[in-house]
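Work through the exercises below with the sequence and the model open. Each task is followed by a solution in steps.

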Amino acid sequence: MFSIDHILFYISLLIVISIFITKLSENFGLPALLLFLAVGMLAGSDGIGKIFFEDVKITQAVGTVALILILFSGGLSTNISSVYPVRKEAVSLATLGVVLTAVLVGLFCRYVLGFDLVYGLLIGAIVSSTDAAAVFSILRSNNISLKNNLKPLLELESGCNDPMAIFLTMTLTAVIVSNEVNILNISFSLIKQFAFGSLIGYVVSKTVVNIFNRISLSYEGLYPVLALSFAFLIYGSAALIGGSGYLAVYIAGIIIGNSNIIQKRSMLRFFDGLAWLGQIGMFLTLGLLVYPSQLLLI
């Protein structure tokens, strides 16, 4: 059992290594998040670090916190005037596109790889959404220049597609466990997640803007901390009533980021750093879970 001193040492060392490795991403055009994953794998049980880690609950918690930071930061830096013209296309890709991808992958797993159809669909649901961390990281690098409205389309779609993918994954998992399909419950759950998530994100973010512009804090450094607390509060509020916390956080980020609000510039810098920390932490943790010696067999 590692002591807190050992844990802090290893975590900080892996983060420092990951940050320095981003220079490789810039110089050689390698995806930074793939490098973070590789660092985690090298530090894991099969790697040179020999760090034994297989706690999926901690991994889920790290991933949840990281996605909240990434989506809120992505929303803050999203220009609503650029994404508004492509909102219909983005929503279609984030919903119908995710479902279509899950179905096609599921059929491939069934008829080519020999899986049962429901398990094939589950695999399809898991891989159906683009990763917001990866998309935001790539699109906002200095080397990417896309024509027309493709950049805001991909940006908005990547921020909105997680709820559908998570919904499909949880629904198919429940079907496998219970061995029954209730279309009415599934439809109601889908509507509730999107409706409550959107409502909480919109209402609370409008309240946050009013609070920021009315409150007068003695210390400027407290404003980003307050915003961080509200980001987690928005996620938790939506999740507790059955809505999509990720959708709520992203919508809230867009509304707050496109409002006139004090300390906005410092808030953007603060969350940009937290988003990078979330990306590094999430992919390092996922890398630690991987046993490279088992990959070839799988």
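## Aromatic pairs

Phe212 and Tyr223 are both buried, that is, under 20% relative accessible area, where over 50% is exposed and anything in between is partly exposed (1.4 Å probe, protein chains only). The model is predicted, so local features need pLDDT of at least 70 and side-chain atom pairs count only at pLDDT 80 or more, while totals for chains, interfaces and linings use all residues. Residues are numbered from 1 along each chain as its sequence is written, and side-chain values use heavy atoms, with hydrogens and water left out.

**Exercise 1.** Classify the pair formed by Phe212 and Tyr223, and state which parts of the chain the pair ties together.

*Solution.*
- Step 1: take the rule. Rings of Phe, Tyr and Trp (its six-membered ring) pair if their centres lie within 6.5 Å; planes under 30 degrees apart are stacked, over 60 edge-to-face, and the rest tilted.
- Step 2: count the pairs. There are five aromatic pairs in the structure.
- Step 3: apply the rule. The rings of Phe212 and Tyr223 are 5.8 Å apart, centre to centre, with 45° between the planes, and the pair is tilted.
- Step 4: place the pair. Phe212 is in helix α10 and Tyr223 in helix α11, so the pair links parts eleven residues apart in sequence. Helices (H or I, at least four residues) and strands (E, at least two) are DSSP runs, numbered from the N terminus.
- Step 5: look for a cluster. Phe72, Phe270 and Phe271 make up one aromatic cluster.

## Confidence

**Exercise 2.** Which helix has the lowest confidence in the chain, and which the highest?

*Solution.*
- Step 1: take the scale. pLDDT is the predictor's confidence in each residue, from 0 to 100.
- Step 2: read the chain. Its mean pLDDT is 87, and 96% of its residues reach 70 or more.
- Step 3: read the helices. Confidence is lowest in α7 (residues 132–139), with a mean of 72, and highest in α11, at 94.

## The largest pocket

**Exercise 3.** Describe the largest pocket by volume, lining and chemistry.

*Solution.*
- Step 1: define the object. On a 1 Å grid over the protein atoms alone, a pocket is an open set of points with protein on both sides within 12 Å along at least five of seven lines; lining residues have an atom within 4 Å of a point.
- Step 2: give the volume. The largest pocket has about 1200 Å³.
- Step 3: find the centre. The lining has 40 residues, and the closest to the centre are Ala165, Ile166, Phe167, Thr169 and Met170.
- Step 4: assign helices. Among those that supply at least two lining residues each are α3 (56–76), α6 (117–126) and α13 (264–289). The largest share, twelve residues, comes from α9.
- Step 5: sort the lining. It divides into 20 nonpolar, 17 polar and three charged residues. Here Ala, Val, Leu, Ile, Met, Phe, Trp, Tyr, Cys and Pro count as nonpolar, Asp, Glu, Lys and Arg as charged, and the others, Gly among them, as polar.

## Helix α8 and Glu155

**Exercise 4.** Is Glu155 buried or exposed, and what does its side chain contact?

*Solution.*
- Step 1: locate. Glu155 sits in α8 (residues 150–160).
- Step 2: check the helix. Eight of the eleven residues of α8 are buried, including Leu153, Leu156 and Cys160.
- Step 3: check the residue. Glu155 has 8% relative accessibility, so Glu155 is buried.
- Step 4: find the partner. The Glu155 side chain makes a polar contact of 3.1 Å with the side chain of Thr78. Such a contact is a pair of N or O atoms within 3.5 Å; within protein, one must be able to donate a hydrogen and the other to accept it, and residues adjacent in sequence count only if both atoms are side-chain atoms.

## Ser81

**Exercise 5.** Place Ser81 and find its side-chain contact.

*Solution.*
- Step 1: Ser81 belongs to helix α4 (residues 80–83).
- Step 2: its relative accessibility is 51%, so Ser81 counts as exposed.
- Step 3: the side chains of Ser81 and Asn79 share a polar contact of 2.6 Å.
- Step 4: Asn258 is 177 residues away from Ser81 in sequence, with 9.1 Å from C-alpha to C-alpha.

## Positive phi

**Exercise 6.** Where do Lys50 and Gln263 lie?

*Solution.*
- Step 1: Lys50 has a positive phi, near 55°, and is not a glycine. Lys50 is in the loop between α2 (32–43) and α3, and is exposed at 58%.
- Step 2: Gln263, also not a glycine, has a positive phi of about 60°. Gln263 is in the loop between α12 and α13, and is partly exposed at 25%.
- Step 3: the backbone oxygen of Gln263 is 3.0 Å from a polar side-chain atom of Ser266, a residue of α13.

Technical notes. 1 Å grid on protein atoms, 1.4 Å probe; cavity = no way out; pocket = protein on both sides within 12 Å on 5 of 7 lines; lining within 4 Å. Points joined across faces, edges and corners; volume = space filled by probe spheres on them.
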